[in-house]
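Please look through the sequence and the structure below before reading on. The paragraphs that follow go through the model part by part.

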Amino acid sequence: MARVRLFKSDDATAVAAVARKAWHYTYKDIFSKEKIEEFLAAHYVPSNLVEGNTLRNSFWVAEDKGKVIGYIQIGQFQGKMKLFRMYLDPDYIGKGVGSMLLETAEKFMVQHGVKKYVLEVHPQNKLGLSFYRRKGFYEVKDDNTDCSSECELVLEKQL
Ligand SMILES: CC(C)(COP(=O)(O)OP(=O)(O)OC[C@H]1O[C@@H](n2cnc3c(N)ncnc32)[C@H](O)[C@@H]1OP(=O)(O)O)[C@@H](O)C(=O)NCCC(=O)NCCS
């Protein structure tokens with residue numbers, strides 16, 4: 001049975017390993033292997049993964065029998081509350097772990113008075129998109145979205 005707890009800096013290498021597996025799985029038909037490695041190298045330097053339990057940065061992991069199997073990070077960005085990243089080890093997809101991570105982050109935001117939050121998702125990430133739509137997110141327009149490859153979709157959810 002998986003459980004969710006706060007990320008500790010000791011988890012950084014395990015989180016980077018989950019990220020590698022999850023990104024190659026999620027983006028295999030969207031980006032080249034080289035591009036995925038480039039993104040991973042830029043965004044998952046273990047020393048840049050920082051502990052947090054505030055509205056500026058909150059970071060949780062899901063673990064199963066002591067092994068990190070997924071993570072979620074939220075925080076404030078350009079004046080908005082944002083879900084920065086949520087990924088699971090593909091072996092654990094579809095077992096309710098993503099729901100547990102999202103519920104943990106949303107409970108924290110509600111306790112801190114957050115009324116809505118946003119995230120960006122690649123338009124071809126069907127798994128991510130269907131999950132977020134089931135969880136009550138809807139698409140909004142945002143001029144600051146990342147268009148470095150193909151424009152990300154911006155989704156918002158009311159809490
Ligand atoms: C998106 C993700 C975090 C969801 O987590 P998960 O643990 O797989 O999802 P859950 O098992 O909690 O299921 C949540 C809902 O999605 C549905 N679902 C599960 N697997 C599904 C699938 N393969 N296709 C469509 N819906 C699915 C479930 O029925 C459930 O709906 P419900 O809450 O109404 O019962 C996870 O699949 C993942 O890491 N995907 C790859 C990475 C990714 O896309 N991250 C987001 C990038 S922005």
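In this predicted model, the largest nonpolar core has 33 residues. Within that core, the residues with the most contacts are V15, V18, W60 and Y71. Helix α1 and the strands β2 (58-64), β3 (67-77) and β4 each supply at least two residues of this core, and so much can also be said of α3, β5 (116-121) and β7 (153-158). V15 shows what such a position looks like: apart from its neighbours within four places in sequence, V15 is in contact with F7, L49, V61, V68 and Y71.

The strands form an open sheet of 7, in the order β1-β2-β3-β4-β5-β7-β6 and with mixed pairing. Strands β1 and β6 (138-140) stand at the edges with a single partner strand each, so one side of each has no neighbour in the sheet. From one strand to the next, the twist averages 35°. Two helices can be placed against this sheet. Helix α1 packs on the sheet and touches β2, β3 and β4, with its direction at about 90° to that of β3. Helix α3 also packs on the sheet. The strands that α3 touches are β1, β2, β3, β4 and β5, and its direction makes about 150° with that of β2.

Now follow the sheet along its order. Strand β1, residues 3-6, pairs with β2 in the antiparallel sense over 4 bridges. In this pairing V4 stands opposite A62 of β2. Is β2 enclosed by the rest of the structure or left open? Of the 7 residues of β2, 5 are buried, so this strand is largely enclosed.

On its other pairing, β2 is joined to β3 by 7 bridges, and the two strands run antiparallel. D64 stands opposite K67 of β3. The hairpin of β2 and β3 has 2 residues between the strands. One residue of this hairpin, K65, takes a positive phi near 50°, although K65 is not a glycine. Most residues other than glycine have a negative phi. K65 lies in the loop between β2 and β3. With 8 other C-beta atoms within 10 Å, K65 counts as exposed, because 12 or fewer is the cut-off for that class.

The loop between β3 and β4 holds a second case, Q78. Q78 is not a glycine, yet its phi is positive, at about 50°. Around Q78 there are 8 other C-beta atoms within 10 Å, so Q78 is exposed.

Further along, β4 and β5 pair in the parallel sense over 2 bridges. K82 stands opposite V118 of β5 in this part of the sheet. Strand β5 then has its pairing with β7, where 6 bridges join the two and the strands run antiparallel. L119 has L155 of β7 as its bridge partner.

What distinguishes the two faces of β5? One face is covered and consists of Y117, L119 and V121. The other is uncovered and consists of K116, V118 and E120. In a regular strand the side chains alternate between the two faces of the sheet. Two of the residues already met fall on opposite faces of β5: L119 on the covered one and V118 on the uncovered one.

After β5 the chain passes through a loop to α4, and N125 is found in that loop. N125 has 17 other C-beta atoms within 10 Å, so it is partly exposed. N125 and V50 are 75 residues apart in sequence, and their C-alpha atoms are 26 Å apart in space.

The last topic is the ligand. Around the ligand there are 19 residues, of which L88, G94, G98, S99 and G128 come nearest. Which elements each supply at least two residues of this shell? They are α1 (12-26), β4 (80-88), α3 (97-111) and α4 (126-134). Helix α4 gives the largest share of the shell, 5 residues. By kind, the shell residues divide into 9 nonpolar, 8 polar and 2 charged. Three of the elements named for the shell, α1, β4 and α3, are also among those that each supply at least two residues of the largest nonpolar core.

Conventions: Residues are numbered from 1 along each chain as its sequence is written. This is a predicted model: local features need pLDDT of at least 70, side-chain atom pairs count only at pLDDT 80 or more; totals for chains, interfaces and linings use all residues. A residue is near a molecule or strand if its C-beta atom, placed from the backbone, lies within 6 Å of it. Ala, Val, Leu, Ile, Met, Phe, Trp, Tyr, Cys and Pro count as nonpolar, Asp, Glu, Lys and Arg as charged, and the others, Gly among them, as polar. A nonpolar core is a set of buried Ala, Val, Leu, Ile, Met, Phe, Trp, Tyr and Cys residues joined through C-beta atoms within 7 Å. A residue is buried if 20 or more other C-beta atoms lie within 10 Å of its own, exposed if 12 or fewer, and partly exposed in between; C-beta atoms are placed from the backbone. Two residues are in contact if their C-beta atoms, placed from the backbone, lie within 7 Å. Two strands pair if DSSP finds at least two bridges between them. Axes are lines fitted to C-alpha atoms, for helices over the stretch in contact, and angles run from 0 to 180 degrees between N-to-C directions.
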